[in-house]
Amino acid sequence: MRSIVWFRGKDLRVADHGPLAEAVAGGEVIPLFVLDPYFFAPERARELPHRMQFLLDALSSLEANLTHLGSRLLVVPGRSVDVVPRLAHQWRADQVLAHRWVEPFGRVRDRRIAEALDQEGVAFRLFEGETMLPPGSVRTGQGGMFRVFTPFGRACAARLPADPPLAAPRALPPLPSDVTADTVPVPDPAVLGLEANPRLQVGGERAARARLAAFLDGPLAGYGRDRDRMDLPGTSRLSADLKFGTLSVRQVWQAVSDQGGPGAGPFLNELLWREFSHHLLWEWPELLERPFRPAFGGFPWREDAAGFEAWAEGRTGYPVVDAAARQLKAEGFVHNRARMVAASFLTKHLLLDWRLGEAHYLRWLTDGDWAQNNAGWQWSAGCGCDAQPWFRIFNPVAQGRKFDPDGAYVRRWVPELADCPAAFLHEPWKAPRALRGRLDYPEPIVDHALARARFLATAKAHLAQA
Ligand SMILES: Cc1cc2nc3c(=O)[nH]c(=O)nc-3n(C[C@H](O)[C@H](O)[C@H](O)COP(=O)(O)OP(=O)(O)OC[C@H]3O[C@@H](n4cnc5c(N)ncnc54)[C@H](O)[C@@H]3O)c2cc1C
């Protein structure tokens, strides 16, 4: 049996890799990565600078791991819908094995490739692995998808752990000698026009394992207590590893369950939120375009290019919101609490369309993931899948005081406020005039109470006639 193992950017690992394990058991193995211009054309790559840097790191690491095991990663440029069927034919492969993607455009791509391979008489087999349970397989008593997280999480937890993670193969067969292709090296970021950002996490299986080990040894125990604190390293920072599959979610679930302790339950619950967002997008692919709550369709979002720019550049005058914006651009990451505050501010204080924020985050986040980002934005805007009512509006000052009590998060990312006394740090406009003059920090672009009232009135009027 000759198998092409098609690595597709969300499974950049050799451990717990179902397609690779299956191919090894079957005989000849051809590891393939396609540099599709959809992502890798320089103008496209430059739109995703952080994700691309992490992905290229992870790809180089995968290439080294496959070589170490005795094989070789073939990196071939071209559109995957053309390249995969062509190479399957040329290499006389019996099957192409890959992990399933939940995104609608990935599903369309896979349907087209399945049809093309079928004409060649080549099997195309998709494996689960992006999620712990197959998307679409967790159903309510009536057979539908859950619309609320808590019962979904309970239904998942009852079926977990799924099968244990697979070990990495001890060795791989060498590439068959007749297999040749116009391969290229893993692109250098500079060739794609990307400037290396040293503040980003390093991608790759080894770096991912080290992050997991550090989390198990450190923040996990206090995760339930510290996870919301923006000023503490209280979370795992594994989101990009899960996004690019340098760790499988099953590996993380198992490692944390085995370790146990008071932080394990709250952490595993977050992995269930991840699961939920992927199952939602599988069920309703249209969520990438439309609100989960249909009543929010046609919502009268404002047009305000200057307001959006102030939000995106970190110049709103609200310190936590600005810290989030600057952290995002600087290191491709934002603490979850800060994401929620920033997203609530854009959609509710500024009354701007959540899709603007969603696209901006997808551009700059290293962990930018269609399913999770969409769910996070819709949830924050009030139009998403949330047991809470739509009219919850985060108060950025109260959130700052509670989750950044000494202001370390704000001071780090908004250096203009580094010397601001803690009493005024989250509302510097209340500082004495003389101090304000020295701070060189903008006045708030909207008043919290007025903005809150505006959102509530607008939403109430819209929902009343929806
Ligand atoms: C507006 C907004 C946009 C977001 N966009 C993304 C995104 O593009 N990619 C992304 O991975 N997460 C996204 N999240 C969820 C969350 O903010 C990040 O997963 C988390 O901050 C990553 O940090 P961590 O790995 O240290 O998380 P931890 O607290 O250590 O959590 C462990 C893992 O659980 C998952 N997770 C945690 N919180 C959530 C959540 N609320 N929803 C879904 N999964 C979760 C992540 O995979 C995370 O790595 C978004 C949240 C919001 C509010």
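## Pairing in this model

Two strands count as paired here if DSSP finds at least two bridges between them. By that rule β1 and β4 are partners, since three bridges join the two strands, which run parallel. Keep in mind as you look around that this model is predicted.

## The sheet as a whole

Let's step back to the full sheet. Five strands form an open sheet with parallel pairing, in the order β3-β2-β1-β4-β5. At the edges lie β3 (74-77) and β5 (123-127), each of which pairs on one side only. From one strand to the next, the twist averages 30°.

## Strand β1 and its neighbours

Is β1 mostly covered or uncovered? Strand β1 spans residues 2-7, and five of its six residues are buried, leaving the strand mostly covered.

On one side, β1 pairs with strand β2 (residues 28-35) in the parallel sense, over six bridges. Here Val5 stands opposite Pro31 of β2. To get from β1 to β2, the chain passes through helix α1 (residues 18-26), making a right-handed β-α-β crossover. Val5 also has a bridge partner in β4, namely Leu97.

## Out to strand β5

Now follow the sheet from β4 to β5. How many bridges join these two strands? Strand β4 covers residues 95-99, and five bridges link it to β5 in a parallel arrangement. One residue to find on screen is Val96, whose bridge partner in β5 is Phe124.

As background, strands of a sheet pair through backbone hydrogen bonds, either parallel or antiparallel. In this sheet, the pairing is parallel.

Note on methods
Residues are numbered from 1 along each chain as its sequence is written. This is a predicted model: local features need pLDDT of at least 70, side-chain atom pairs count only at pLDDT 80 or more; totals for chains, interfaces and linings use all residues. Helices (H or I, at least four residues) and strands (E, at least two) are DSSP runs, numbered from the N terminus. Axes are lines fitted to C-alpha atoms, for helices over the stretch in contact, and angles run from 0 to 180 degrees between N-to-C directions. A residue is buried if 20 or more other C-beta atoms lie within 10 Å of its own, exposed if 12 or fewer, and partly exposed in between; C-beta atoms are placed from the backbone. A crossover is right-handed if, with the strands pointing away from the viewer, the path from the first strand over the helix to the second runs clockwise.
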